[in-house]
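Please open the model in a viewer and keep the sequence panel visible. The tour proceeds by selections, each followed by a description of what is found there.

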Amino acid sequence: MQDVEDDVELIRSVAHRDREAFERLYYRFAPRLGRYAFGMLRRREAVDEVMNDVMLAVWQEAPRFDERVGTVSAWLFGITHKKVIKMLERTARSARELPPEEVAPEPGEHPERAAIGRELGAAMADALAKLSADQRAVIELAFGQGQSYQAIALALDCPVNTVKTRMFHARKRLAEILDERGHP
């Protein structure tokens with residue numbers, strides 16, 4: 001609960017143009033927001049552009065944040081989601097056509113385990129890329145960011161039942177895609 005209260009205090013300070021509070025907010029949330037954006041866009045340069053847009057919006061919109069409506073986290077993911085969708089609409093090529101970036105193995109990781117992990121990661125990235133943007137968003141927010149259905153609904157500006165429906169269809173579609181590829 002303390003983190004949530006700290007987040008609200010940070011946003012209030014940002015609303016009063018406190019640059020140090022803005023910097024703390026950035027370092028607290030940018031990694032999670034960036035991972036979410038990358039899961040949707042699959043291109044580092046697009047993620048960098050989205051994150052710049054998100055942080056500019058946070059700086060400009062902080063005075064309008066209303067803690068009675070939702071958490072700072074849900075508000076930030078909502079801004080990020082909207083910026084990601086705008087980026088997807090702006091790009092000439094679909095995110096589905098872009099290969100995922102390679103992830104380097106952990107130091108000391110067994111080569112066979114690393115290869116299996118890369119194969120499974122590639123299969124999952126391919127499967128996620130075949131989902132609609134709305135379905136991919138609920139998967140990324142729920143499993144990648146640990147957000148509750150309520151927080152996802154606030155971030156995506158839709159009812160909780162819509163989140164549940166998208167999650168149901170996304171999980172079903174992921175299972176079908178992975179099954180077609182021979183992955184359980």
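The stops below begin with the whole chain and then turn to particular helices.

**The whole protein**

Begin with everything selected, bearing in mind that this is a predicted model. The protein contains eight helices and zero strands, so that its pattern along the sequence reads α-α-α-α-α-α-α-α. Of its 184 residues, 42% are buried. Among the contacts between residues at least 6 apart in sequence, 69% join residues at least 24 apart.

**Colouring by confidence**

Next, colour the chain by pLDDT. The average for the protein is 84, and 82% of the residues score at least 70. Which elements have the lowest and the highest mean pLDDT? Select helix 5 (residues 111-129) for the lowest mean, 71, and helix 3 for the highest, 94. Then select residues 92-96, where the pLDDT is below 50. This stretch has eight contacts in the model beyond near neighbours in sequence.

**Helix 2 against helix 3**

Now select helix 2 (residues 19-41) together with helix 3 (residues 44-61). Their axes lie 9 Å apart, and the helices pack at an angle of about 140°. Because of that angle, helix 2 is oblique to helix 3. The crossing of these two helices is right-handed.

Display the side chains where the pair meets. On helix 2, the residues in contact include Phe-22, Leu-25, Tyr-26, Leu-33, Gly-34 and Phe-38. On helix 3, Val-47, Val-50, Met-51, Val-54 and Trp-59 are among their partners. By class, the contact of helix 2 with helix 3 comprises 16 nonpolar residues, one polar residue and two charged residues.

**Helix 2 against helix 4**

Keep helix 2 selected and replace helix 3 with helix 4 (residues 72-90). Here the axes come within 10 Å and cross at roughly 40°. Helix 2 and helix 4 are therefore oblique to each other, and helix 2 passes helix 4 in a right-handed crossing.

Which residues make this contact? From helix 2, they include Leu-25, Phe-29, Arg-32, Leu-33, Tyr-36 and Met-40. From helix 4, they include Val-72, Ser-73, Leu-76, Phe-77, His-81 and Met-87. The residues of the contact of helix 2 with helix 4 divide into 13 nonpolar, three polar and one charged.

**A last selection**

Finally, select Leu-25 and Leu-33 of helix 2. Both residues belong to the contact with helix 3, and both also take part in the contact with helix 4.

Definitions and conventions. Residues numbered from 1 in each chain as written. Predicted model: local features only at pLDDT ≥ 70, side-chain atom pairs only at ≥ 80, totals over all residues. Heavy atoms only, no water. Axes fitted to C-alpha atoms, helices over the stretch in contact; angles between N-to-C directions. Helix = DSSP H or I, 4+ residues; strand = E, 2+ residues; numbered from the N terminus. Parallel < 35°, antiparallel > 145°, perpendicular 65-115°, else oblique. Left-handed = near helix turned anticlockwise from the far one by under 90°. Contact = heavy atoms within 4.5 Å. Nonpolar A, V, L, I, M, F, W, Y, C, P; charged D, E, K, R; others polar. pLDDT = per-residue confidence, 0-100. Buried < 20%, exposed > 50% of the residue type's maximum accessible area, 1.4 Å probe, protein only.
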